[in-house]
Structure formats: structure tokens, C-alpha cells
Amino acid sequence: MSFLARRLTTATPRLSASRAFSASARRDIAKITLVGNLAGTPELKATSTGREVLEYAVASNDGPRDNKHTSWFRVATFVEDGPRKDYLTSLPKGSTVFVEGDAVMNTYTDADGKTRSSMSIYQRNLEVLRRGQPAE
């Protein structure tokens, strides 16, 4: 082994498998990317702390025309007052959107005592690919 090769192998620090690259605590989080159509006009809801949450649903189709399957995703995001909030709340049903966000699975027991699961998506980024026609 040459002098340079020995020098590089000894100078390179060994990273352990225990997240040596991060000082923050480990978080189990899944990223999701969606392209689909808005199922309705986004709605603003107030939280108990007074902040406003924008909630909307995205429908994404899969499969051939004769055997199409639609998946529905509920998305939420915090928005501040201003032109962005006004723009997002004015998006009509059917607008095609590109959403990037964090997906979190929630488990709960329904009124019949059955264990159910639902996925919540918290938006990080939203881009409008095609604005739908407003309903008359």
C-alpha cells in the first residue's frame, strides 16, 4: 500500500451506525409526494391556540381507464395572513397540485370498537400545476 493510500485510510474518521451526523433526536417520519386534483376548495380552521390551519383533500388516480382506482389524501398546513393564504383559499375544486409533505400514521378506535388507521399529511411545499375552473 502506498504512503498516500495509508494516509487517506487512517485520516478518514470512522462513522458509527448511531447517527453521528446529527445532533438532533431521531424522528420517525415519512416523506410523501403527491400529484392530484383538489377534491374541494381548501378550508381554513382555527386551532385552540388561535393559529389557522388550511385543510384540503387531494385525489390521485391510478390504473388504466377501465379499472381506475382513486386514492384520497387529507392534507393540512399552517398559513400566515397575506397573499399566499388568499391564493390558496381561492383554489377551486379540480385544480391539479403537486404536494410535498410529511406523512404520519394515526391509529384510533372508532365508535364500534374497531381499531382504525388514517394517514395525515403535513404540507411542506405546494405547487399549482393547473388551476381548475371555478364552479358557477
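Which residue in β5 is the bridge partner of Lys31? The answer is Asp102, and the close-ups below start from the whole fold and then come back to this pair. Please keep in mind throughout that this is a predicted model.

**View 1. An overview of the fold, with its 2 helices and 6 strands.**
Following the protein from its N terminus, you meet the elements in the order α-β-β-β-β-α-β-β. The protein has 136 residues, and 24% of them count as buried. Its accessible surface comes to about 10,300 Å², with 51% of that belonging to carbon and sulfur atoms. Among contacts with a separation of 6 or more, 59% are between residues 24 or more positions apart.

**View 2. Strand β5 between its partners β1 and β6.**
On one pairing, β5 meets β1 in the antiparallel sense over 8 bridges. On the other, β5 and β6 also run antiparallel, joined by 14 bridges. Asp102 is a good place to look at both pairings: Lys31 has Asp102 as its bridge partner in β5, and Tyr122 in β6 stands opposite Asp102. The hairpin of β5 and β6 has 5 residues between the strands, and there Gly113 takes a positive phi near 90°.

**View 3. The salt bridge between Asp102 and Lys31.**
Here the two bridge partners meet again, this time through their side chains, with an N to O distance of 2.9 Å. The pair links distant parts of the chain, since Asp102 belongs to strand β5 and Lys31 to strand β1 (residues 30–38), 71 residues apart. Buried or exposed: how does Asp102 count? Asp102 has 3% relative accessibility, so it counts as buried. Lys31, at 63%, counts as exposed. As a reminder for this view, side chains of opposite charge can pair when their charged atoms come close.

**View 4. Further salt bridges, from a total of 7.**
One of them joins the side chains of Glu55 and Lys45, at 3.1 Å from N to O. This pair also links distant parts of the chain: Glu55 is in strand β3 (residues 52–62) and Lys45 in strand β2 (residues 43–46), 10 residues apart. Glu55 is partly exposed, with a relative accessible area of 31%, and Lys45 counts as partly exposed too, at 39%. Another salt bridge connects Arg116 with Asp110, whose closest N and O atoms are 3.1 Å apart. Arg116 counts as partly exposed because its relative accessibility is 36%. Shared partners also join salt bridges into a network, made up of Lys31, Asp102 and Arg124.

**View 5. Ser120 and its surroundings in strand β6.**
Ser120 lies in β6, which spans residues 115–130. With 15% relative accessibility, Ser120 counts as buried. Leaving aside residues up to four places away in sequence, Ser120 touches Arg74, Asp102, Ala103, Val104 and Asn106. One of these neighbours deserves a closer look: the side chain of Asn106 makes a polar contact with the side chain of Ser120, at 2.9 Å. The C-alpha atoms of Ser120 and Asn106 are separated by 7.3 Å, although the residues are 14 apart along the chain.

**View 6. Thr96 in strand β5.**
Strand β5 covers residues 96–109, and Thr96 is found in it. Thr96 counts as buried because its relative accessibility is 15%. Beyond residues up to four places away in sequence, Thr96 touches Val35, Gly36 and Asn37, together with Glu127, Val128, Leu129 and Arg130.

**View 7. The largest nonpolar core, with 16 residues.**
Which residues touch the most other members of this core? They are Leu34, Tyr56, Val58, Val75 and Val99. The elements giving two or more residues to the core are β1, β3, β4 (69–78), β5 and β6. Zooming in on Tyr56, you will find contacts with Leu38, Pro42, Phe73, Arg74, Val75, Val99, Gln123 and Leu126, again without counting residues up to four places away in sequence. For background, nonpolar side chains tend to be buried together in soluble globular proteins.

Notes
Residues numbered from 1 in each chain as written. Predicted model: local features only at pLDDT ≥ 70, side-chain atom pairs only at ≥ 80, totals over all residues. Heavy atoms only, no water. Helix = DSSP H or I, 4+ residues; strand = E, 2+ residues; numbered from the N terminus. Buried < 20%, exposed > 50% of the residue type's maximum accessible area, 1.4 Å probe, protein only. Contact = heavy atoms within 4.5 Å. Polar contact = N/O pair within 3.5 Å; in protein donor to acceptor, adjacent residues only side chain to side chain. Salt bridge = Lys/Arg side-chain N within 4 Å of Asp/Glu carboxyl O. Areas by Shrake-Rupley, 256 points an atom, 1.4 Å probe, with all protein chains shown as cover. Pairing = 2+ DSSP bridges. Core = buried A, V, L, I, M, F, W, Y, C linked by side-chain atoms within 4.5 Å.
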